[in-house]
Amino acid sequence: MSETTIAAISTAYGEAGIGIVRMSGPDALGVLRKVFVPNGSGLKQTGENGLDGANATVDQLQNSVDSAEDAGTWVPQPRHMYYGRIVDPKDGSVVDECLAVYMPGPQSYTGEDVAEVQCHGSVISYKKILALMLENGAQPAEPGEFTKRAFLNGRMDLAQAEAVIDLIKARSARSFDCAVGQLEGMLSQKIRAVRAELLDLLTELAVNMDYPDEDIEELTYGRLGNRISLINDELIKLKESSAEGRILREGLLAAIVGKPNVGKSSLMNVLLREDRSIVTDVPGTTRDTIEEQISLRGITIRFVDTAGIRSSADKVESIGIERSKDAFNRAELLLLVLDSSEGISAEDLELMEMAKDRPAIVILNKDDLPAADVVIAADGVVRRAADGSLEDEVRRILPGARIVKLSAKTGEGLLQLENSIEEYVTGGRVRREEDVLVTNVRHIALIDKAIEELSWAGRMTGAAEARDFIEVNVRAAFDALGEITGETASGEVIEEVFRRFCLGK
Amino acid sequence: MEKYTLGKYDVVVIGAGHAGCEAALACARMGKETLLLSINLEAVANMFCNPAVGGTGKGHLVREIDALGGEMGLNIDKTFIQSRMLNVSKGPAVHSLRAQADKRRYHEEMKKVLESQEHLLLKQGEAVDIDLAEDGSVRGVLLRTGAYYECRAAVIATGTFLGGKIFIGESVVESGPNGLAPSTILAEALKNKGFRMRRFKTGTPARCLASSLDFSKMQVQEGDPHPVPFSFMNDNIDKEQAKCWLTYTNEETHRIIRANFGRSALFGGQIEGVGPRYCPSIESKLDRFPDKERHQLFVEPEGLSTQEMYLQGMSTSLPEDVQQEFYKTIPGLGNIRLMRAAYAIEYDCIDPMDLKLSLEHKQHPGFFCAGQFNGSSGYEEAAAQGLIAGINAALYLDGREPFVLDRSEAYIGVLIDDLVTKGTNEPYRMMTSRAEYRLVLRQDNADLRLTEKGRAVGLVSDERWERFLADRKAMEEEVQRLEISTVSPSEVNPLIESLGGTPVDNRISLSELLRRPEITYDALAAVDPERPQLSYHVRTKVEVGLKYRGYIEKQLAQIEKFKKLEGQTIPEDIDYMSMEGLRNEAREKLSDIRPVSVGQASRISGVSPADINVLLVQLERRRRKQS
């Protein structure tokens with residue numbers, strides 16, 4: 001029986017009606033209690049639109065809604081579904097509505113205590129829930145670990161051993177690919193840089209401990225404290241600035257741009273109407289930009305509708321234009337709206353030019369009307385679009401952009417737009433593998449661990465505790481980052497001691 | 001030459017250096033008839049390099065050897081001439097004792113102990129072959145004279161004698177350390193038997209005449225006012241102490257050395273062995289750290305009855321004229337007269353990955369190995385392995401389970417696991433940073449960790465055992481007393497304020513007070529009139545145990561996790577080559593090293609976490625198939 005409680009997203013990556021996040025291990029119930037609040041326990045119920053199809057599948061739902069147990073002391077009946085919310089214990093914010101079930105071992109898939117949360121089938125939702133579980137005591141599961149535990153605990157027969165091994169092999173190979181893929185990014189470069197600084201610090205600590213008689217500068221508490229806090233600040237910044245972390249926390253800033261009357265407002269409205277859980281409704285400071293915040297499949301998105309950014313001689317209008325330009329520049333995602341019934345105008349061309357090299361989704365609106373496959377240049381010359389299609393024309397100008405055909409009027413194509421936005425947030429490429437997610441969430445959990453250890457080390461330094469004790473926390477941070485880059489090796493520090501210092505005793 | 005049988009022993013120990021002495025004593029004390037061979041009896045427990053025992057990590061090893069019933073701690077306590085506790089400004093886990101020894105006396109005292117040990121014969125003789133039976137097991141040892149000793153176990157601890165070659169400048173001589181005869185025939189015999197031999201290198205600085213030095217130009221380094229004993233059997237060992245001295249090289253020194261790089265054996269290419277990076281020669285220091293303006297040089301007495309001084313930090317393979325010339329540029333050394341030139345020495349050793357954790361050779365039952373022969377460096381590292389090899393040779397003869405300490409139990413465990421599981425590419429030196437459970441593996445609690453284990457294998461004497469039980473009881477009682485004794489704010493606040501701490505508002509227990517960084521056990525005496533008289537060892541244990549309880553407990557929790565994987569044993573007959581799912585590299589490494597537990601397997605380089613998962617599943621599969 002394992003000592004650790006592991007958590008992972010159990011459903012396949014991508015779009016689905018529901019998603020399952022699963023935990024296994026002795027503390028599965030403990031962690032569940034920390035993050036799950038059954039309905040009727042202090043939080044107001046929003047109504048019947050909780051989870052699609054939940055009422056039909058879960059007969060215990062009504063009971064749990066009526067009960068008024070507090071989170072934390074909540075004692076679920078084994079193998080019964082409960083309806084409630086995933087709530088972040090740090091600030092009480094609601095992450096998602098969901099169903100939860102607790103299955104004590106040995107009658108569970110792994111033979112250990114298992115807890116499962118069924119949430120909305122959105123990548124962001126799974127991820128947030130998983131991240132919360134990790135923050136509250138669970139550890140990210142290794143590839144194939146649930147199955148491995150099931151086998152080791154006698155929940156699978158001998159004939160299945162082969163399959164378990166294949167699974168471990170395949171998943172570890174895949175997650176390795178994926179880790180390597182991610183390691184090419186900025187995040188990993190920065191982690192390597194931070195880790196190098198930690199190695200440097202550990203080397204100094206080691207040489208101070210192991211070579212007290214050598215002619216080496218003493219690592220004072222002042223210097224040690226400074227270096228720890230500088231490194232920790234970098235990590236905190238890193239976590240905050242990593243696109244995914246920031247988007248999860250603050251939401252994505254998307255600007256809806258387009259020339260007048262192209263259907264921006266109706267698009268905004270249809271997006272807002274579609275989602276009933278509008279968090280805020282903040283009108284912009286002027287009529288020229290309006291910011292709305294919605295939650296799309298768990299991703300908070302701040303839409304800015306811009307009035308227009310075409311250069312104008314009119315002074316009053318130009319103020320609005322400046323603001324729109326600002327929104328355009330700040331946006332992390334551009335939703336560039338074209339009117340497909342009119343073709344591409346000179347103004348559209350100008351906007352597309354500005355959107356070059358920016359993350360963008362081009363929306364060919366008014367798809368309910370017949371398309372005009374023409375391009376109208378600034379001098380009024382009309383030509384046919386490339387290969388006779390607006391899509392191809394757009395693709396030629398903005399090769400990196402996603403293109404969505406949509407009718408804001410009928411709502412046709414909206415699902416496709418939402419998919420495109422989610423794809424953008426979750427890394428651009430849809431890979432139907434949960435490993436991609438696990439790796440990501442693992443990374444953030446490991447960065448968090450490193451931050452926690454360094455914060456400890458910082459406090460201990462402040463209290464002038466023994467340096468060899470502080471070293472333990474610094475090393476734990478170093479090892480956590482090493483798990484991300486796959487470089488944890490105990491010999492590194494000693495190698496570095498001999499490389500950097502001239503030692504003779 | 002005529003071969004003749006000269007006797008029959010349970011164990012023959014080859015080499016009477018620091019490893020061989022501990023091995024032979026352990027065997028004899030465990031009741032085995034033991035023969036200890038040395039190529040020259042002058043070499044017994046000789047300190048061929050620095051005249052000191054202990055230091056960071058190494059001091060821990062000495063305490064552990066002592067706690068298990070070994071001799072090194074007792075012997076240095078008898079013969080030290082200066083002692084210092086290093087790292088006292090740092091935490092208790094890295095406090096390290098280091099003592100300067102009187103080399104001659106260290107050798108003499110150890111020889112006396114060997115001579116008076118029951119079941120042990122110390123004998124001069126050069127082993128030239130180890131007789132192995134068809135199954136690879138040990139059945140005898142042959143001497144150069146043709147004398148043959150039957151034995152069922154052997155401990156090989158040949159140090160730098162095996163295939164020894166000394167380099168001084170351009171001169172290369174086949175020699176053991178300090179001009180003693182090398183062991184060349186045995187080196188050949190082992191190679192011919194198929195042992196995988198390697199070549200390592202080490203070096204020692206020059207010795208000079210004390211009267212030729214001007215100590216007024218150097219900084220003095222005194223011993224601690226109250227020296228702390230190494231052995232848990234000793235309490236108060238105050239004695240008059242010798243002085244050591246510190247001086248530095250300068251630009252002129254460096255210029256001379258650089259100008260003669262070409263004459264160094266090291267750079268000339270004559271030396272093929274791999275040297276240790278932590279103890280580089282002065283030419284390597286200059287080569288690798290060209291910007292460092294000066295290098296320190298400790299001048300240490302080799303003993304009280306000699307004028308020979310040891311020049312710590314200045315080992316070199318430069319010819320003697322260059323040595324003489326560059327030493328003269330160093331303050332205090334202007335008229336230096338060298339008595340022994342510095343030299344580099346190359347020797348044969350095995351790849352320790354061929355050994356089990358018991359230090360028995362994987363292919364040769366009864367063949368135990370220790371010290372530099374295993375690729376380590378240092379007297380303490382050698383003694384620690386000698387002790388374990390000796391214990392295991394005795395256990396082997398009785399058909400008992402081997403004695404293995406793991407990484408969470410002792411520095412000795414870290415040392416042997418590192419050597420056997422990870423191997424080493426240079427002479428291996430112990431460092432506190434190698435021990436992941438350092439906060440628990442302190443030198444102050446080595447007896448609490450190990451004396452019971454030493455008693456169980458039969459090495460701890462009645463006297464030591466009784467003393468240990470009494471110390472442990474005294475410690476527990478004192479901890480309890482400190483926990484229940486309280487003082488009022490008016491009693492204790494003046495003390496706290498005088499030490500710069502924050503005053504208390506309510507009554508507080510003495511143990512609580514002790515947890516404050518500014519308050520030591522000694523300082524607490526001012527408000528604790530009822531405290532009992534306790535020995536140094538007991539006081540230290542009480543103080544460290546209470547003061548750092550939180551951290552220690554956290555580490556104990558980590559150890560528990562570690563123990564789980566160590567406890568998952570791997571059957572000896574497991575076939576990795578046909579094991580589905582392992583990557584090829586892992587298959588080869590696992591087959592080669594044959595780890596005894598899943599924990600050990602996980603530390604082998606080239607074995608990934610996924611391989612470990614596959615291994616776990618395969619082990620379970622095998623278990624179920626068999627049941």
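Which residues of α1(A) are buried? In this predicted model, they are A:A28, A:L29, A:V31, A:L32, A:R33, A:K34 and A:V35. Helix α1 of chain A spans residues 28–35, and because 7 of its 8 residues are buried, the helix is largely enclosed by the rest of the structure. The list of buried positions includes A:R33 and A:K34 as well as A:L29 and A:L32.

Before going further into the fold, it helps to see how the prediction is scored. The model has an ipTM of 0.80 and a pTM of 0.79. For chain B the mean pLDDT is 93, and 99% of the residues of that chain reach 70 or more.

Chain A, to which the opening helix belongs, has 505 residues, of which 46% count as buried. Its secondary structure comes to 17 helices and 15 strands. When contacts in chain A between residues at least 6 apart in sequence are considered, 71% of them join residues at least 24 apart. A contrast to the buried helix is offered by A:A378, which is found in the loop between β13 (374–376) and β14 (382–384) of chain A. This residue counts as exposed because it has 10 C-beta neighbours inside 10 Å, where the cut-off for an exposed residue is 12 or fewer. In sequence A:A378 is 28 residues away from A:E350, while in space the two are 9.5 Å apart, taken from C-alpha to C-alpha.

Turning to chain B, strand β3 (residues 34–38) is a convenient place to start. All of it is buried, 5 of 5 residues, so the strand is largely enclosed by the rest of the structure. In a regular strand the side chains alternate between the two faces of the sheet. Here B:T34, B:L36 and B:S38 point one way from β3(B), whereas B:L35 and B:L37 point the other way, and all are buried. The strand has a parallel partner in β2 (residues 11–14) of chain B, with 4 bridges between the two, and within this pairing B:V11 has B:T34 as its bridge partner in β3(B). Between these two strands the chain passes through helix α1 (residues 18–29) of chain B, and the resulting β-α-β crossover from β2(B) to β3(B) is right-handed. A further parallel pairing, of 5 bridges, joins β3(B) to strand β7 (residues 120–124) of chain B, and there B:S38 stands opposite B:Q124.

Helix α2 of chain B, at residues 58–67, is another buried element: 10 of its 10 residues are buried, so the helix is largely enclosed by the rest of the structure. Among the buried residues of α2(B) are B:L61, B:V62 and B:I65, along with B:K58, B:R63, B:E64 and B:D66. Just after α2(B), B:G69 adopts a positive phi of about 100°.

Two sheets of chain B can be followed strand by strand. One is an open sheet of 4 strands in the order β1-β10-β9-β8, in which the pairing is mixed. Its edge strands, each of which pairs on one side only, are β1 (4–8) and β8 (127–132), and neighbouring strands are turned against each other by 25° on average, direction ignored. Within this sheet β1(B) runs parallel to β10 (residues 147–150) of chain B, to which 4 bridges join it, and B:T5 has B:Y148 as its bridge partner in β10(B).

The other sheet is likewise open and also has 4 strands, here in the order β13-β12-β21-β14 of chain B, with antiparallel pairing. The edges are formed by β13 (171–174) and β14 (197–204), each pairing on one side only, and the twist from one strand to the next averages 25°. Strand β12 (residues 165–168) of chain B is joined to β13(B) by 4 bridges in the antiparallel sense, and B:F167 is the bridge partner of B:V172 in β13(B).

Finally, the two chains meet in a contact that takes 41 residues from chain B and 35 residues from chain A. On the side of chain B that touches chain A, α8 (282–288), α18 (549–567) and α21 (609–626) each supply at least two residues. The largest share, 10 residues, comes from α21(B). By residue type, this side of chain B divides into 16 nonpolar, 12 polar and 13 charged residues.

Methods. Residues numbered from 1 in each chain as written. Chains lettered and ligands numbered in written order. Predicted model: local features only at pLDDT ≥ 70, side-chain atom pairs only at ≥ 80, totals over all residues. Buried ≥ 20, exposed ≤ 12 C-beta atoms within 10 Å, placed from the backbone. Pairing = 2+ DSSP bridges. Right-handed = clockwise from strand over helix to strand, strands pointing away. Contact = placed C-beta atoms within 7 Å. Nonpolar A, V, L, I, M, F, W, Y, C, P; charged D, E, K, R; others polar. pLDDT = per-residue confidence, 0-100. Axes fitted to C-alpha atoms, helices over the stretch in contact; angles between N-to-C directions.
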